[in-house]
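Reader: I have a structure open and would love to go through some of its side chains with you. Shall we take them one by one?

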Amino acid sequence: MSEYVLELRGITKTFPGVRALDHVHFQLKKGQIHALMGENGAGKSTFIKIITGVHRPDEGEIYFQGERVDINHPKDAQQLGIAAIYQHVTCFPDLSVTENIFMGHEKIDKGTKRLLWKQMHQEAQVLLTELGADFDPKTQMGALSVAQQQIVEIAKALSTNAKIIIMDEPTAALTKRESEELYRITEQLRDRGVSVIFISHRFEDMYRLASQVTVFRDSRYIGSWAINEISQEDLIVAMVGREITQLFPKKAAQIGEEVLRVDGLGRTGYFKNVSFTLHRGEILGLTGLVGAGRSEVCQAIFGLDALDAGKVFLKGKEIHIDNPLQAMELGIGYLPEDRQKQGLVLPWSISSNITLPAIGKYAKKGWLSRHKEDEAAKTLAQKLQVKARSIYDPVSSLSGGNQQKVVFAKLLTAQLDVIILDEPTKGVDVGAKSAIYEIISDLASQGYGILLVSSEMPEVIGMSDRIVVMREGRVTAVLDREEATQEAILEASMVSISPRNREQIAEARMI
Amino acid sequence: MDLLRRDNEKGFSWKGFFLQWEWMLILIFLLVTAINSYLSPYYLNYDNLRDATMTFLDKAFIVLPMVLIIILADIDISVASTVALSAVVMADLYAMGVPMEVAILICLAVGALCGFINGWLIVRFKELSAVIVTLATMIIYRGIAYMMLEDQAVGQFPEWFKFLGWGYVFGIPFILIAFVVCAIAFALLLHKTTFGRRIYAIGNNPTASRFSGVQVDRIKIIVFTLAGLMAAVTALFLTSRMGSTRPNVATGYELDVIAMVVLGGISTAGGKGRMIGAVIAVFLIGYLRYGLGLINIPAQALLIIIGLLLIGAVMVPKLKIRGSGWRKAKPADAPVKRAL
């Protein structure tokens, strides 16, 4: 039998327009806790989906205990004994713990097809006790904490005799004590001979648990090391060590007076004590890993969510924003992350979409004026070079990049000082990206203060004058253009506040 | 490139014009008229037609705001109870000696308040659907009406109040004039104002609307309040026509009203449909009912016919899209000029 319980060789997976995995390797030993690391979009999620049978690889081979297997369907993975536990537990909150554990493989009496509740409850109890949980299997799933729900998910995996358990950012939503509990259970699984693939953005998780670490970057396999062989610095280099080849059309902008300042913003459960300042003509990058709370901060500033703490100053004056309309009237615009769901009314024409936020401006006392609307929409569409046959085309017929330009045009209908861009190039092809960078750069040179939220490191580094890095709802670094390297950003996104950064943050707050 | 140029597909074509659901409705309407007048010589009698119109138009006032509500992708099934409650309050106040003019104003206020409460509950408790909220208030409003009057009827209104339900202006029933005026007002509100545009935006994509600064909650409350107000208008015409009111008036109106709206081509998924469709549907169902009554077809058969029409209304737009798939495909296949 092979040394490895699971081995993947040369796995490639292409989605329309994107190569999600490019000849990736992976080797997992029996009873090993194997950390899988990489930036956002490095290919980890696709990789897991291949192992669990959600996606089929285009190329490559999978070996399970030395034998070549095809995993074409989640059922196949389950039969092999592969189970996955996700960050956001996918459970049935209104059913009992027992029902959740045995969902899909209930114990049924052979003759009468009756559900064997007693037996299932007993078995669930045994599993939970083994895992050190102290809640009753008859408890309703929804009444449990996230940590407890994860234990149920692990129990479910064990009840199907899982040999490989994949944990996707299991500690992201847990407190320190709960994480400790999860570590203990994970070690217990290892000692039973279960292999664990552990995905986490926390270095402390990895050092505490894993014996081996594999790094992906830009859909490629970078390397695999025993944990004591590689330092944290080397790991960071492995994760980001790409060269920035793309040129960003960043114009040298005249940075003017302060236009937006936020001080100690907080929203329970999302972010805490977030402070930064933004000047006219400045592009301030806001980055961090997915789930660091960047979008939440922006949406709170824009009035979509309520703030629990902190102050917002616009042009030196403290403001209170209750809803997006107020934010736009005061001069703050927001380009949402999901343009199809949050940015556009897809069946509508380009014209109607562009004028929606400022429809009152193009009307006479509430009466629509098609002519005025169309003229304004045409001017803006031309300014942003939206490629379409006419402004009466439905936006659903446009490419991603052109749709995004329409969302930009919507922003420009209002009289703004601050523009918040949340992942402005997400899902846009390379060519359209540079067009969007050009728009952003132009806007900055026109004197708008721009807050650029992005997960793409080259984009943040290439476009920003300064960069604010967030981690788990807190600001961990404020970097100048000169000191903003990929390594420094990734370190601040993944590691707790270092003394050096603490000073900088204090400084930044003083300004 | 002239971005203001309309393409051929976007421009006027007679085929596209007549393929609209509203023309289907008119076609059905003409068909109904033809069959009815063939079956009964009394159908096309002016007096008969006029009387029939006066009977079915009372609930039509609620159809107008219901169009807005359904375009918002919401629903209000409490409207019939609102009719009953506002009618009962008015009658009760008048019986207690309050002047009729004041009682009428209070009737309208009560209706608007009922609608406001619906709207407020719906935006305040977003986890509850509009069906559930208005189901609850439907029971509550009707319950209050029963508490106030128990099983009695109240009547003997002043003579001039009869004008609403029975009066004529230049030989045209007043109720018809009132309805046409209201319908035009609502059509303008929906199609020609920023308010209407925002209603369509919310019905199509509430999230994007919120992100675009549309005051979603405020608009919903206003629309539901309008529905309550128009239910009170219905209460006025209904009470005037009947001469008295009871707590069980207008029972089942909500379903009639919703049926007319859906038949009018307004999608329950929200964001689609026009006021004119619902207005045609009001007359279609009204004259269908009148015609079938003339030839002594039982009311149950009428229900079956309305049910079938509804199924047709829901299905035909889908068939149309499938049927004209080759036409729809064209814009996407055509080379779109891109910079890259």
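Reader: Thanks! To begin, is K13(A) buried or exposed?

Author: Happy to help, and please keep in mind that this is a predicted model. The relative accessibility of K13(A) is 11%. Buried means under 20%, so K13(A) counts as buried.

Reader: Which side chain does K13(A) meet in a salt bridge?

Author: The N to O distance in this salt bridge is 3.9 Å, and a salt bridge needs the nitrogen within 4 Å of the carboxyl oxygen. The partner is partly exposed, with a relative accessible area of 44%. The side chain that K13(A) meets is that of D58(A).

Reader: How many residues apart in sequence are the parts that K13(A) and D58(A) tie together?

Author: K13(A) belongs to strand β1 (residues 4-15) of chain A. D58(A) sits in the loop between α1 (44-51) and β4 (59-64) of chain A. The pair therefore ties together parts whose separation in sequence is 45 residues.

Reader: Nice. R471(A) forms a salt bridge too, so which residue is its partner, and where does that partner lie?

Author: The closest N and O atoms of this salt bridge are 3.7 Å apart, and the partner of R471(A) is E204(A). R471(A) is in strand β21 (residues 466-471) of chain A, so the pair ties together parts that are 267 residues apart in sequence. R471(A) counts as buried at 10% relative accessibility, whereas its partner counts as partly exposed at 32%. That partner, E204(A), lies in helix α7 (residues 203-209) of chain A.

Reader: And in chain B, which helix holds both R50(B) and D47(B)?

Author: These two residues form a salt bridge, with the closest N and O atoms 3.4 Å apart. R50(B) and D47(B) are three residues apart, about one turn of the helix. The helix that holds both is α3 (residues 46-56) of chain B.

Reader: Which residues are linked in a network of salt bridges?

Author: Over all chains, the structure holds 32 salt bridges. In general, side chains of opposite charge can pair when their charged atoms come close. The residues linked in a network are E257(A), R280(A), K315(A) and D417(A).

Reader: Last one: how far apart in space are L131(A) and A155(A), C-alpha to C-alpha?

Author: L131(A) lies in the loop between α4 (117-130) and α5 (146-159) of chain A, and counts as buried at 1% relative accessibility. Among the residues L131(A) touches are I151(A), A155(A) and L158(A). L131(A) and A155(A) are 24 residues apart in sequence, yet their C-alpha to C-alpha distance is 7.6 Å.

Notes: Residues are numbered from 1 along each chain as its sequence is written. Chains are lettered from A and ligands numbered from 1 in the order in which they are written. This is a predicted model: local features need pLDDT of at least 70, side-chain atom pairs count only at pLDDT 80 or more; totals for chains, interfaces and linings use all residues. Side-chain values use heavy atoms; hydrogens and water are left out. Helices (H or I, at least four residues) and strands (E, at least two) are DSSP runs, numbered from the N terminus. Buried means under 20% relative accessible area, exposed over 50%, partly exposed in between (1.4 Å probe, protein chains only). Contact means heavy atoms within 4.5 Å. Lists of a residue's contacts leave out its neighbours within four places in sequence.
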